[in-house]
Amino acid sequence: MAMAGDCTGVELSASGVTLRLAGAPVLTGITVPAVGPGQLLGIAGGSGAGKTLLLEVLAGLRMPDSGRVVVQAPPGALRYGFVPQDDIVHRALPLRTALEYAARLRGTDPGDVPLVLEELGLIGVAGQPVRTLSGGQRKRASIAIELLSRPRLLFLDEPTSGLDPLAGAQLTEYLKRLAATGVTVLFTTHTPADLHRCDRVLFIAPNGRPGTSGTPAELLAASPDGTLEALYEVETEPDPQQKHISSELERSAFSPATGRLRQWAVLTGRDLRLLRHDRLTAAITIGSPLIIIAMFALLFRPGVFDPDHPSPAASAMVLFWIAFGAFFFGLAYGLPQICGELAVLRRERRTVLRLGPYLLAKLTVLGPVLLLADALLLVVLRALDRLPAAAVSVHLSLFVTTALASFAALALGLCCSALVSEPSQAALVLPLLCFPQVLFSGAFVPVPRMADGGRWISVAMTNRWAFEALGSGAGLETLWRHGGAEGRALLASYADSFGRPAWFGWAVLGGCAVGLLVIAWLVLRHRCPTAHHRLST
């Protein structure tokens with residue numbers, strides 16, 4: 001990583017920083033003395049004092065209500081890294097693999113990964129999945145991701161939190177060595193022992209008020225009994241006259257970005273590796289369509305599309321459940337995709353990530369699986385005489401419809417996954433999305449027979465348009481005309497539902513897919529903002 005020879009450096013200072021959340025002051029008039037290259041600044045204070053808030057303001061992740069943050073750097077030297085308190089790394093991947101993808105995403109050389117691993121003492125566990133590492137090792141892995149960008153200004157939020165005293169001391173000693181290479185390092189802590197290795201210490205008093213600052217030697221001289229531990233107790237003593245309002249924060253990181261095409265390629269490769277390493281998810285992804293196809297084959301008797309002896313009601317149900325199967329495939333694949341890695345997405349979004357390549361990578365990985373599932377469904381049903389014996393063009397029309405239905409559902413799943421915060425919430429959303437698609441598709445209650453409100457709701461149901469496009473492509477109206485009284489009754493009930501050409505349904509499904517992806521992009525843009533650091537010189 002060859003930082004020692006880099007003569008460029010960054011200096012940061014702040015004055016009068018004030019921040020309000022929900023109308024209440026959480027930081028009031030905080031001043032940060034200049035911190036330059038080679039220096040390590042520790043921001044100390046009790047829980048809820050506002051240390052993380054101040055760090056995010058200094059890093060440009062939050063804009064203060066008043067005050068000024070000044071960052072001075074030579075051209076090209078302003079490279080940032082932000083290590084959040086949580087260990088945000090894909091836990092299913094081996095450590096070396098996770099770092100290599102992080103390097104490619106940041107546009108840096110993956111060949112630097114062994115150097116970073118060796119520097120952080122992780123070379124011995126490089127082949128292990130991240131989930132098997134100890135707390136201290138995962139913390140160092142989070143730091144390693146940021147070091148791949150060769151930052152000249154590094155922010156760390158409570159890096160020693162949750163570590164035992166020895167691991168915490170080793171980590172702060174490493175930060176001291178890192179600063180000695182010319183990096184400006186700022187970190188928050190509520191552990192007094194961390195402060196001894198700092199060049200300067202800034203205390204945040206309760207309720208976000210300014211506290212004592214100075215070198216460790218100056219602070220020791222001001223301590224009641226000559227120890228930093230005693231001074232820490234004094235500085236963190238709560239003020240009973242004020243009330244502090246805490247909030248849950250989103251933490252991430254940022255540094256130079258790579259091109260969209262390269263990001264798409266890297267993210268696609270990483271998603272494939274994640275799918276391969278998570279064997280349970282891979283088994284469900286591949287196995288669930290096979291189970292559904294088997295159920296379809298057992299549910300419907302053969303010959304319902306026989307033009308000489310058709311079964312009009314059964315033929316409608318076959319096409320409806322094909323449409324719903326395609327919908328379910330896409331929705332089930334899309335729902336867990338984003339919420340399961342939202343923390344990683346937020347971190348990378350403020351680092352390098354563009355949302356377009358991110359969503360496109362999901363489509364690239366899941367799309368072929370969906371197409372294969374849809375094709376297999378139609379092939380098996382035709383082989384078992386559950387679909388009409390017709391020209392290739394008819395079956396191609398059915399395949400296009402199911403494929404577009406799956407992609408529209410996948411886009412819906414991604415959109416909802418972007419809205420929820422964890423996989424358990426996505427599991428609760430699944431039936432809520434499926435029931436309307438069944439009830440308002442027009443299969444059980446034809447759209448012309450629905451109440452006015454139901455007809456309006458059905459317009460928004462992708463399953464309706466897939467069902468109608470399948471019926472048009474399979475020639476249901478022609479089949480039902482030869483289906484006796486039952487067929488004529490169905491024709492009267494459905495009116496012109498299957499009278500439109502299949503391409504009309506394709507256009508609606510394609511438009512829904514694009515529209516839902518745009519909504520997912522907008523939701524992620526709101527939930528995972530980029531950093532906007534304003535420089536003053």
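**Exercise 1.** In this predicted model, decide whether E158 is buried or exposed, and describe its backbone.

Solution. Start with the accessibility: E158 has a relative accessible area of 8%. The cut-off for buried is under 20%, so E158 is buried. Next, place the residue: E158 sits in the loop between β6 and α5. Last, read the backbone angle. E158 is not a glycine, and its phi is positive, near 50°. As background, most residues other than glycine have a negative phi.

**Exercise 2.** Locate D112 and R150, classify each by accessibility, and state what joins their side chains.

Solution. Step one is location. D112 is in the loop between α2 (95-105) and α3 (113-119), while R150 is in the loop between α4 and β6 (153-156).

Step two is accessibility. D112 has a relative accessibility of 8% and therefore counts as buried. R150 has a relative accessible area of 29%, which makes R150 partly exposed; that class covers values between 20% and 50%.

Step three is the pairing. The side chains of D112 and R150 make a polar contact of 2.3 Å.

Step four is the backbone of R150: phi is about 50°, a positive value, although R150 is not a glycine.

**Exercise 3.** Determine how α4 and α5 are oriented to each other, and which residues form their contact.

Solution. Two packed helices are described by the angle between their axes and the distance between the axes. For α4 (residues 135-147) and α5 (residues 165-180), the angle is about 15° and the axes are 12 Å apart. Angles under 35 degrees count as roughly parallel, and α4 and α5 therefore fall in that class. The crossing of α4 past α5 is right-handed.

Now list the residues. From α4 come K139, R140, I143 and L147, and these meet L171, Y174 and L178 of α5. Sorted by class, the contact holds five nonpolar residues, two charged ones and no polar ones.

**Exercise 4.** Carry out the analysis of Exercise 3 for α8 and α12, and name the class of their angle.

Solution. First, the geometry. The axes of α8 (260-277) and α12 (residues 355-383) come within 8 Å and cross at roughly 45°. This angle makes α8 oblique to α12. α8 passes α12 in a right-handed crossing.

Second, the residues. On the α8 side are R260, Q263, W264, L267, T268, D271 and L272. They meet P357, Y358, L360, A361, K362, T364 and V365 on the α12 side. By class, eight residues of this contact are nonpolar, three are polar and three are charged.

**Exercise 5.** State how many residues of α2 are buried, which ones they are, and which helices they pack against.

Solution. Count first: eight of the 11 residues of α2 are buried, so the helix is largely enclosed by the rest of the structure. The buried residues are L95, T97, A98, L99, Y101, A102, A103 and L105. Their packing partners are α3, α4, α8 and α11 (342-349). Just after α2 comes G107, with a positive phi of about 75°.

**Exercise 6.** Describe the surroundings of S311: its place, its accessibility and its contacts.

Solution. S311 lies in the loop between α9 (279-299) and α10 (312-339). With a relative accessibility of 14%, S311 counts as buried. Leaving aside neighbours within four places in sequence, S311 is in contact with R301 and V304. The side chain of R301 is joined to that of S311 by a polar contact of 2.3 Å. Finally, compare sequence and space for E486: S311 and E486 are 175 residues apart in sequence, and their C-alpha atoms are 8.4 Å apart.

**Exercise 7.** Describe S493 in the same steps: place, accessibility and contacts.

Solution. S493 belongs to helix α18 (residues 484-494). Its relative accessible area is 14%, and S493 is therefore buried. Not counting residues up to four places away in sequence, S493 touches P446, P448 and R449. Of these, R449 has a side chain joined to that of S493 by a polar contact of 3.4 Å.

How values were computed. Residues numbered from 1 in each chain as written. Predicted model: local features only at pLDDT ≥ 70, side-chain atom pairs only at ≥ 80, totals over all residues. Heavy atoms only, no water. Axes fitted to C-alpha atoms, helices over the stretch in contact; angles between N-to-C directions. Helix = DSSP H or I, 4+ residues; strand = E, 2+ residues; numbered from the N terminus. Parallel < 35°, antiparallel > 145°, perpendicular 65-115°, else oblique. Left-handed = near helix turned anticlockwise from the far one by under 90°. Contact = heavy atoms within 4.5 Å. Nonpolar A, V, L, I, M, F, W, Y, C, P; charged D, E, K, R; others polar. Buried < 20%, exposed > 50% of the residue type's maximum accessible area, 1.4 Å probe, protein only. Polar contact = N/O pair within 3.5 Å; in protein donor to acceptor, adjacent residues only side chain to side chain.
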